[in-house]
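Please open the model in your viewer and keep the sequence panel beside it. The tour below moves from one selection to the next and says what is to be found at each stop.

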Amino acid sequence: MLKGQRSCASGERYLQMKAELSPLDPTKLRILIVGGGTMGRAFAAGLVESGLLSGRQIVVAEPAAHRRFALEEELGVEAIASSALMPTRVDALVLAVKPQAFPAVAEELHGRLPKEAVVISVMAGVPTSRISEAIVHEPVVRAMPNAAAKVRRSTTVWYAGPAVT
């Protein structure tokens, strides 16, 4: 066997381990992005334009009608006026609203997320403990992308709360 080649048995074991570590089928993921402004749009565009997800797999909650229309037209996502209208099945939720809007959003989301869903927050200055308490949900990840996220050239620092495994 040449250096760097794997035997058939080790290749099969690799695929088995990969399947065990990655039980989610990306073609079946459903993501809710709350906030269709700069960061929310950057997340949706990055997921769609990279081919990671299709627009049909993404729902964006955005109160501004002109933003909803633009998101639907440009990215093919479903855009809704409020997170209170969220779909029943959500695998991940991205909180991309300004911190002052969070109390209203938290009220809409309070206790409504499926237990398995991961919450990812890009809100500045809002700790994971506050998010978890306000929406009665764990696991929560806090991410701080920089402005270059708009062009998918960002460095992102993130912190996973204790319930993230």
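## Starting at a charged pair

Select R67 to begin: in this predicted model, its relative accessibility is 37%, so R67 counts as partly exposed. Now add E62, which forms a salt bridge with R67, the closest N and O atoms being 3.6 Å apart. E62 has a relative accessibility of 4% and therefore counts as buried, so that this pair joins a buried residue to a partly exposed one.

## Other salt bridges

The structure holds four salt bridges, and two further ones are worth a stop. Select E74 and R41, whose closest N and O atoms are 2.2 Å apart in a salt bridge. Because E74 belongs to helix α3 (residues 65–75) and R41 to helix α2, the pair ties together parts that are 33 residues apart in sequence. R41 is partly exposed, at a relative accessible area of 29%.

Next select E78 together with R30, whose side chains meet in a salt bridge with an N to O distance of 3.1 Å. E78 lies in strand β3 (residues 78–80), while R30 sits in the loop between α1 (8–21) and β1, so this contact ties together parts that are 48 residues apart in sequence. E78 counts as partly exposed, at 38% relative accessibility, whereas R30, at 17%, counts as buried.

## Strand β1 and its partners

From R30, move on to strand β1 by selecting residues 31–34. Which residues cover the two faces of this strand? I31 and I33 lie on one side and L32 and V34 on the other, and all of them are buried. In a regular strand, side chains alternate between the two faces of the sheet.

Keep β1 displayed and add strand β2 (residues 58–61), which runs parallel to β1 and is joined to it by four bridges. Strand β4 (residues 92–95) also pairs with β1 in the parallel sense, again over four bridges. L32 is a useful residue to centre on here, since its bridge partner in β2 is V59 and its bridge partner in β4 is L93. If you then show helix α2 (residues 38–49), you can follow the path from β1 through α2 to β2, which together make a right-handed β-α-β unit.

## Helices α4 and α5

Select helix α4 (residues 102–109) and colour its buried residues, which are F102, V105, A106 and L109. These residues cover an arc of only 100° around the axis, which puts them on the same side of α4. An α-helix has 3.6 residues a turn, so residues three or four places apart point the same way. With the neighbouring elements shown, the buried residues of α4 can be seen to pack against β1, β4 and α5. After the helix comes G111, whose phi is positive, near 70°.

Helix α5 (residues 128–135) can be inspected in a similar manner, its buried residues including T128, I131, S132 and I135. They cover an arc of only 95° around the axis, and they are therefore on the same side of α5. V136 follows α5 and has a positive phi, near 55°.

## The nonpolar cores

With these elements still on display, which residues touch the most other members of the largest nonpolar core? They are L32, L95 and I131, in a core of 21 residues. The elements that give two or more residues to this core are β1, β2, β4, α4 and α5, and α4 gives the most, with four residues.

Centre the view on I131 and show its surroundings: leaving aside neighbours within four places in sequence, I131 is in contact with L95, F102, V119, S121, M123, V126 and V140. Apart from the core described above lies another, of 17 residues, and among them are A44, L53, I58 and V122, which can be selected as a group.

## A last stop in β6

Finally, select A143, which lies in strand β6 (residues 140–145). With a relative accessibility of 7%, A143 counts as buried. Adding A160 and drawing a distance between the two C-alpha atoms gives a separation of 8.6 Å, for residues that are 17 apart along the chain.

Definitions and conventions
Residues are numbered from 1 along each chain as its sequence is written. This is a predicted model: local features need pLDDT of at least 70, side-chain atom pairs count only at pLDDT 80 or more; totals for chains, interfaces and linings use all residues. Side-chain values use heavy atoms; hydrogens and water are left out. Buried means under 20% relative accessible area, exposed over 50%, partly exposed in between (1.4 Å probe, protein chains only). Two strands pair if DSSP finds at least two bridges between them. A crossover is right-handed if, with the strands pointing away from the viewer, the path from the first strand over the helix to the second runs clockwise. The arc is that of the directions from the helix axis to the C-beta atoms. Contact means heavy atoms within 4.5 Å. A nonpolar core is a set of buried Ala, Val, Leu, Ile, Met, Phe, Trp, Tyr and Cys residues joined through side-chain atoms within 4.5 Å.
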